[in-house]
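Please load the model in your viewer and keep the sequence panel open beside it. The tour below goes from one selection to the next and says what is found at each stop.

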Amino acid sequence: MKIRANYVNAPQWMDAIVKPVLPESLKCLDEIAHNLWWVWNYEARDLWHALDADLYESVEQNPVLLLQRLSSDRLEEITKDKKLMKQVNDLYKKFREYMDVKPDASRPSVAYLCMEYGITQVLKIYSGGLGMLAGDYLKEASDSNVDMCAVGFLYRYGYFKQSLSMDGQQIANYDAQDFNKLPIERQLDANGNPLIVDVPYMNYTVHAYVWRANVGRVSLYLLDTDNEMNSEFDKPITHALYGGDWENRLKQEILLGIGGILTLKALGIKKDIYHCNEGHAALANVQRLVDYIREGFTFNQAMELVRVSGLYTCHTPVPAGHDYFDESLFSKYMGGYPSMLGISWDEFIGMGRTNPDDHGEKFSMSTFAINTCQGVNGVSKLHGWVSQKMFAGIWKGYLPQENAVGYVTNGVHFPTWCATEMRKIYSKYLDPNYYNDQSNEALWQGIYNCPDEELWKTRMQLKEKLAIYIKRKFSETWLKNQGDPSRVISLLNKISSNTLTIGFCRRFATYKRAHLLFTDLDRLAKIVNNPDRPVQFLFSGKAHPADGGGQGLIKRIFEISQRPEFLGKIIFLEDYDQRLARRLVSGVDIWMNTPTRPLEASGTSGEKAEMNGVVNLSVLDGWWYEGYREGAGWALTDKRTYENQGYQDQLDAATIYNLLENEIVPLYYDKNKKGYSEGWMKVVKNSIAQIAPHYTMKRQLDDYYTKFYCPQAERAAILMADNCQKAKEIAQWKESVAERWDSISIVSYQSGIPETGCETGKEYKSTVVIDEKGLNDAIGLELVTTRVNSKGEEVISWIFPCKLIKVEGNLHTFEVVVKTNYAGSYKTGLRAYPKNEMLPHRQDFAYVKWIY
């Protein structure tokens with residue numbers, strides 16, 4: 001027998017974890033590394049850098065991995081370095097002083113559920129604006145010391161890393177995260193074992209590990225289904241954000257909503273308010289209903305308790321952006337819940353339909369969230385109006401402007417996004433209390449005391465840091481991907497901090513109109529190549545892998561950037577992440593945003609730029625619609641000139657070119673003998689003083705408490721007192737009204753309004769007699785007057801309340817006095833509605849009867 005040269009069986013590898021043993025004096029660093037407080041505290045980042053600068057960069061600024069890879073020799077060196085050890089001890093003292101403060105018990109407690117959180121690039125559980133907003137929210141909740149916890153997913157692959165091919169085609173790369181190298185910890189149960197949450201999917205159970213990310217004082221619980229207890233069909237539930245088909249999306253939303261509430265129950269956590277940040281978490285209210293019913297409440301009683309403590313925030317301005325599921329798919333996983341709730345399947349699925357009885361309509365998570373939450377809000381003033389219209393079909397008896405959809409304009413976490421250099425300027429010139437009272441505009445007026453030259457130099461330092469960062473990070477990638485080394489070197493050499501720099505960096509979706517700048521390439525070439533007043537544009541952002549239009553925009557911009565006249569003038573920076581974002585929002589001069597109106601729900605990247613003295617140039621949409629101040633930035637009108645979008649794009653592009661040629665570029669380069677533009681510094685200071693304080697996350701959090709959390713918690717306390725007596729009474733009252741509603745009738749109507757019409761300035765009195773069918777003054781009545789506005793929309797002109805003047809048995813007589821000072825053509829109608837002082841708003845019980 002011939003002996004083979006080699007013979008090897010397949011290895012049976014097993015995971016083996018070797019944990020570093022830190023010296024006793026450095027063990028505090030592991031505690032800090034596992035709390036994401038270090039993300040927004042520059043002293044912590046400075047310390048990680050001081051431990052080993054090269055290693056810190058090689059591990060992509062992950063302090064957990066940094067500590068794991070520090071050699072024993074280096075650890076010993078650190079312990080012997082008195083200066084460095086003082087830095088360690090000072091930081092730990094600051095950290096413990098921060099952490100040891102007890103939560104503010106005077107404010108309602110909150111459970112926050114969201115599909116993604118953008119806290120740090122180290123923890124890849126976010127994709128874009130929704131996640132960045134949620135991450136900033138938890139940071140501010142920690143800083144404001146409120147009692148909040150959150151639930152999300154620990155994605156194995158997270159969102160993709162982006163690279164570009166040589167022809168500019170986006171390449172999506174999914175890298176698996178090693179959870180043992182992340183700044184997170186396993187959540188343990190009472191016996192010290194890893195906590196496992198069993199989530200029912202009707203015919204079987206999905207098992208989720210629970211991890212905890214410590215976000216300062218706030219705990220973020222992350223569910224993980226990628227484990228050996230689950231089948232190959234269920235492990236991928238937490239593999240990727242927004243990945244897979246609609247069935248996987250539904251499975252994700254069941255896990256987030258139902259699994260999220262089960263997680264909190266397993267941890268013994270009960271909160272005053274349950275905040276669904278987008279419709280993805282809406283099914284949390286299904287589990288909450290089930291829990292109350294198991295305690296002995298009826299469905300309607302349980303609904304009162306769930307609604308009063310529920311808040312739904314919508315981030316989407318168009319119906320197509322919401323999640324809808326076919327009835328067959330929805331019933332596959334949710335078919336068992338109606339029996340638990342004591343209602344029929346049609347009643348259950350109808351809660352997710354605008355038209356409950358329309359069996360052809362899909363189940364909408366957003367509609368379900370609205371029907372099970374007392375509070376509903378958009379994320380900017382304009383988006384609040386858009387959402388009122390978008391959800392108007394749910395409350396058909398009311399016009400959009402009457403709907404109880406509020407708004408809280410998004411903000412950004414100031415310590416995270418404000419560059420250290422600018423924070424030092426603010427500490428020097430603003431009111432000493434500005435940091436604790438960030439949204440107080442009066443405290444920001446001190447920026448006007450900062451010498452122009454000092455502020456200009458600070459801005460130039462930040463521009464130089466951006467230029468260095470780009471050259472260091474992208475030179476190797478560009479040399480590898482772009483072929484001709486001489487072109488790459490030429491491109492790198494043209495990146496200059498002395499050039500007016502404009503940033504356009506965000507998710508690449510077609511409505512954001514990244515192409516707008518390239519409408520007239522000849523005109524653009526003249527702008528960027530002016531030898532005395534050059535301009536450079538930096539583009540960055542990812543397109544969803546399924547969004548061919550967005551990927552096409554990236555490819556188009558890349559192709560233009562390679563043309564000789566635009567080389568080094570139009571630059572696309574790939575793999576937009578938080579590190580790059582921090583450099584860009586502080587290192588450019590202008591932040592540009594050109595969405596199609598009104599499709600920008602809020603947007604926050606421009607707000608981050610505001611914190612750093614970067615000026616906005618944007619369409620009056622989203623947050624900029626309310627944020628713009630004349631002399632503190634530039635705006636494209638919110639008014640639409642053309643119905644044809646192509647024509648509108650051309651007009652908007654021409655407006656941008658005109659602003660650049662005639663205002664922005666001349667102002668920036670109008671420099672004095674000291675080398676800075678006094679006019680530009682005036683705009684920057686106006687922007688900081690008049691706009692920045694209104695768009696911090698501190699203001700946003702306070703708004704949520706003022707507008708939603710506190711009012712809802714106060715009402716919840718009333719409903720839940722005395723074994724939920726008020727909740728039971730309201731449920732019984734609603735049942736009584738609903739039973740009799742169709743039988744309510746008008747007995748008589750004596751109109752005092754002449755058939756020929758009213759005259760301005762005169763009063764007209766009418767009386768109405770209603771048979772309330774034993775409802776005992778449960779009916780309100782009003783005369784509604786509408787008109788058609790310039791956009792062809794029916795809107796409210798006036799509402800005249802009817803006064804109850806007599807009661808005889810079931811007969812209620814109302815009187816209404818009409819007087820108007822404005823002539824015109826109107827429509828009028830008498831509207832009856834249920835009346836109870838314990839209702840938070842009309843849409844809480846949106847029964848309406850038009851009786852004339």
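For the first stop, a convention on residue classes is needed: Ala, Val, Leu, Ile, Met, Phe, Trp, Tyr, Cys and Pro count as nonpolar, Asp, Glu, Lys and Arg as charged, and the others, Gly among them, as polar. Keep in mind throughout that this is a predicted model.

**The second largest pocket**

Begin by selecting Asn371, Asp844, Phe845, Ala846 and Tyr847, which, among the 37 residues that line the second largest pocket, lie nearest its centre. The space in this pocket comes to about 1,200 Å³. By the classes given above, its lining divides into 18 nonpolar, 9 polar and 10 charged residues. Now add helix 10 (299-308), helix 13 (345-350), helix 14 (365-372) and helix 27 (697-740) to the selection, since each of these supplies at least two residues of the lining. Which helix gives the most to the lining of this pocket? Helix 10 does, with 5 residues.

**Helix 22 and the loop that holds a cis peptide**

Next, select residues 578-587, which make up helix 22; this helix is mostly covered, with 9 of its 10 residues buried. The buried residues are Gln578, Arg579, Leu580, Ala581, Arg582, Leu584, Val585, Ser586 and Gly587. At the start of the helix, show the side chain of Asp577, one oxygen of which reaches to within 3.2 Å of the backbone nitrogen of Arg579.

Move on to the loop between strand 18 (590-593) and helix 23 (605-610), where Pro598 has its place. The peptide bond that leads from Arg597 to Pro598 is cis, and its omega is near -10°. Pro595 is found in this loop between strand 18 and helix 23 as well, and it counts as buried because its relative accessibility, 1%, is under the 20% cut-off. If you draw a distance from the C-alpha atom of Pro595 to that of Ser144, a residue 451 positions away along the chain, the viewer should give 33 Å.

**Two residues with positive phi**

Select Met202, in the loop between strand 6 (196-200) and strand 7 (205-215). Its phi is near 65°, a positive value in a residue other than glycine. With a relative accessibility of 25%, Met202 counts as partly exposed.

Then go to Arg513, in the loop between strand 15 (500-505) and helix 20 (521-528). Arg513 is not a glycine either, and has a positive phi of about 55°. Is Arg513 buried or exposed? Arg513 counts as buried, because its relative accessibility is 2%.

From here, Asn214 in strand 7 makes a further stop. Asn214 is buried, with a relative accessible area of 13%. Its C-alpha atom is 34 Å from that of Lys512, and the two residues are 298 apart in sequence.

**Strand 1 and its parallel partner**

Select strand 1, residues 110-113, and look at both of its faces: Val110 and Tyr112 on one side, and Ala111 and Leu113 on the other, are all buried. In a regular strand the side chains alternate between the two faces of the sheet. Strand 1 runs parallel to strand 2 (residues 148-153), to which it is joined by 4 bridges. To see one of these pairings, label Tyr112 together with its bridge partner in strand 2, Ala150.

**Cysteines**

Now colour the cysteines; a search of the whole structure finds 0 disulfides. Cys149 has as its nearest cysteine sulfur that of Cys276, 13 Å away, and is in no disulfide. Cys149 counts as buried, at 4% relative accessibility. Cys802 is likewise in no disulfide, and the nearest cysteine sulfur, that of Cys758, is 14 Å away. Cys802 is also buried, with a relative accessible area of 12%.

**A four-stranded sheet**

For the last stop, show the open sheet that 4 strands form in the order 24-23-27-28, with antiparallel pairing. Its edges are strand 24 (794-801) and strand 28 (849-850), each of which pairs on one side only. Within the sheet, strand 23 (residues 779-788) and strand 27 (residues 827-834) pair in the antiparallel sense over 8 bridges. Finish by selecting Leu781, which stands opposite Ala832 in strand 27.

Terms used
Residues numbered from 1 in each chain as written. Predicted model: local features only at pLDDT ≥ 70, side-chain atom pairs only at ≥ 80, totals over all residues. Heavy atoms only, no water. 1 Å grid on protein atoms, 1.4 Å probe; cavity = no way out; pocket = protein on both sides within 12 Å on 5 of 7 lines; lining within 4 Å. Points joined across faces, edges and corners; volume = space filled by probe spheres on them. Buried < 20%, exposed > 50% of the residue type's maximum accessible area, 1.4 Å probe, protein only. Polar contact = N/O pair within 3.5 Å; in protein donor to acceptor, adjacent residues only side chain to side chain. Disulfide = S-S within 2.5 Å. Pairing = 2+ DSSP bridges.
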